[in-house]
2 protein chains.
Amino acid sequence: MANKINAINLKDRFHKLGYKYTEQRQMVVDVLFEHPVLHLSSEDICEYFKQKNINIGQSTVYRTLILLEKMQIVRSINLDDGFTRYELLNHDEEHAHHHLICSKCGSIIDIKKDLLKDLEKQIFKDYHFKVQDHCLKFYGECDNCKDKN
Amino acid sequence: MANKINAINLKDRFHKLGYKYTEQRQMVVDVLFEHPVLHLSSEDICEYFKQKNINIGQSTVYRTLILLEKMQIVRSINLDDGFTRYELLNHDEEHAHHHLICSKCGSIIDIKKDLLKDLEKQIFKDYHFKVQDHCLKFYGECDNCKDKN
DNA sequence: AGCAGTATTGCATTTCAATTTCATTATACT
DNA sequence: AGTATAATGAAATTGAAATGCAATACTGCT
């Protein structure tokens, strides 16, 4: 777990890359850590701060998320709702994990296990295309919604 | 091939659904049929008309694409370039096909074969999630770009 | 500790794809 | 052909994302 990101070594990481670990950046990171299951958008985070009467400009939140992505602390994902969403990058995972998106209730289920390794080998064989990352989403009906019919 | 969409039965399809088969809609469909390999955006199509001195409003193109999607003639896809792109829906394919996206040159390769059937069965077993459709993109280096190093 | 240089912040503004409005025009059915 | 209805397109609007810039805060240096 040497690679694990946490609040303890984040400051160092910022400094090593020449960035300042400001209060605002810290707070954005904190929100992400406090809600590891959610897939927060920039707007969500702004709204969260507003409700807690914390004053951080929306452009700061935007720029922080972009910075965090560059630092490989978060990954941006598109869950087809018109917002760029972010999730903490787990360094145990080599690639992006997958998402199940329920068409009925909109709930998102993360699949942490990489299910595509074999496919990527096959794609290299068939297309000589060297896969570096992937994005896999499944749309359908979740367990809860299935019962409601 | 009873299901195959073509210019011959398109008019009927519009009429059966209560839509008018206008010249503009016809031309949008024609552009899509003429470029089955490309993944045209609304803007691409508008640009194409402009270059041919064909006058069709951008909102008409937008609305036509949305209508064609509703009619299951096209599918909208997101290739992460900020544009909604469209491709003809092949009714031989049960699900969306996959895309290889080269990070170097931006070229897009379609994979028509459904590689996810087994995974979807497994997802139903593990998560009780009934997959209806999917979206799979691979990012990496295409055959051409690999040689250039 | 105080200073200087630089990075960051946040308000306001801009960008741009996408969508909507509404008066005009075209289509399909009788 | 006439009529009801749908479609068109120019222009305006929306909303997420990005940017400019003056004010502010942070860090390293003395």
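Begin by selecting α4(A): this helix has 13 residues and reaches 19 Å from its first C-alpha to its last, close to the 18 Å expected at 1.5 Å a residue. The model under inspection is a predicted one.

**Stop 1: the two faces of α4(A)**

Colour the helix by accessibility. The buried residues of α4(A) are A:Val61, A:Thr64, A:Leu65, A:Leu67 and A:Leu68. They cover an arc of only 165 degrees around the axis, which puts them on the same side of α4(A). Now turn to the face directed away from that buried side, where the exposed residues A:Gln58, A:Arg63, A:Ile66 and A:Lys70 are found. Beyond the helix, select A:Gln72, which follows α4(A) and has a positive phi, near 60 degrees.

**Stop 2: chain A as a whole**

Widen the selection to the chain that carries this helix. Chain A has six helices and six strands, and along the sequence they follow the pattern α-α-β-α-α-β-β-β-β-α-β-α. Taken along the principal axes, the C-alpha atoms of chain A fill a box of roughly 45 × 45 × 25 Å. Of its 149 residues, 40% count as buried.

**Stop 3: α2(A)**

Select α2(A) next. This helix has twelve residues, and the distance from its first C-alpha to its last is 16 Å, close to the 16 Å expected at 1.5 Å a residue. Its buried residues are A:Val28, A:Val29, A:Val31 and A:Leu32. They lie on the same side of α2(A), because they cover an arc of only 155 degrees around the axis.

**Stop 4: DNA strand C**

Display DNA strand C together with the protein residues around it. There are 23 such residues, and those that come nearest are A:Thr22, A:Arg25, A:Arg63, B:His15 and B:Thr84. Sugar and phosphate account for 70% of the atoms of DNA strand C that come within 4 Å of the protein.

Three individual contacts merit a closer view:

- A:Arg63, already seen on the exposed face of α4(A), has a polar side-chain atom 2.4 Å from a base nitrogen of DNA strand C.
- B:Glu43 places a polar side-chain atom 3.2 Å from a phosphate oxygen of DNA strand C.
- B:Tyr62 has a side-chain N or O atom 3.2 Å from a phosphate oxygen of DNA strand C.

The elements that give two or more residues to the surface near this strand are α2 (23-34) and α4 (58-70) of chain A, together with α4 (58-70) of chain B. Which element gives the most to the surface near DNA strand C? The answer is α4(B), with four residues. By class, this surface has six nonpolar, eleven polar and six charged residues.

**Stop 5: DNA strand D**

Move to DNA strand D. Of the 21 residues around this strand, A:Thr84, B:Lys20, B:Thr22, B:Arg25 and B:Arg63 come nearest. Of the strand's atoms within 4 Å of the protein, 74% belong to sugar or phosphate and the rest to bases.

Again, three contacts may be selected in turn:

- A:Thr84 has a polar side-chain atom 2.7 Å from a phosphate oxygen of DNA strand D.
- B:Ser59 has a side-chain N or O atom 3.2 Å from a base nitrogen of DNA strand D.
- B:Thr60 has a polar side-chain atom 2.8 Å from a phosphate oxygen of DNA strand D.

Here the elements that give two or more residues to the surface are α4 of chain A together with α2 (23-34) and α4 of chain B. The largest share, four residues, comes from α4(A). The residues of the surface near DNA strand D divide into five nonpolar, ten polar and six charged.

**Stop 6: aromatic pairs**

Over all chains the count comes to four aromatic pairs. Select A:Phe14 and A:Tyr21, which form a tilted pair, 4.9 Å centre to centre with 55 degrees between the planes. Both A:Phe14 and A:Tyr21 are buried. In chain B, the rings of B:Phe14 and B:Tyr21 have their centres 4.9 Å apart and their planes at 55 degrees, so the pair is tilted. B:Phe14 and B:Tyr21 are both buried.

**Stop 7: A:Lys137**

Finish on A:Lys137, which lies in strand β6 (residues 130-141) of chain A. Is this lysine, A:Lys137, buried or exposed? A:Lys137 is buried, because its relative accessible area is 3%, under the 20% cut-off. For a last distance, select the C-alpha atoms of A:Lys137 and A:Phe33: they are 104 residues apart along the chain and separated by 23 Å.

Conventions
Residues numbered from 1 in each chain as written. Chains lettered and ligands numbered in written order. Predicted model: local features only at pLDDT ≥ 70, side-chain atom pairs only at ≥ 80, totals over all residues. Heavy atoms only, no water. Near = heavy atom within 4 Å. Polar contact = N/O pair within 3.5 Å; in protein donor to acceptor, adjacent residues only side chain to side chain. Nonpolar A, V, L, I, M, F, W, Y, C, P; charged D, E, K, R; others polar. Phe/Tyr/Trp six-rings, centres within 6.5 Å; stacked < 30°, edge-to-face > 60°. Buried < 20%, exposed > 50% of the residue type's maximum accessible area, 1.4 Å probe, protein only. Expected span 1.5 Å × (residues − 1). Arc of directions from axis to C-beta.
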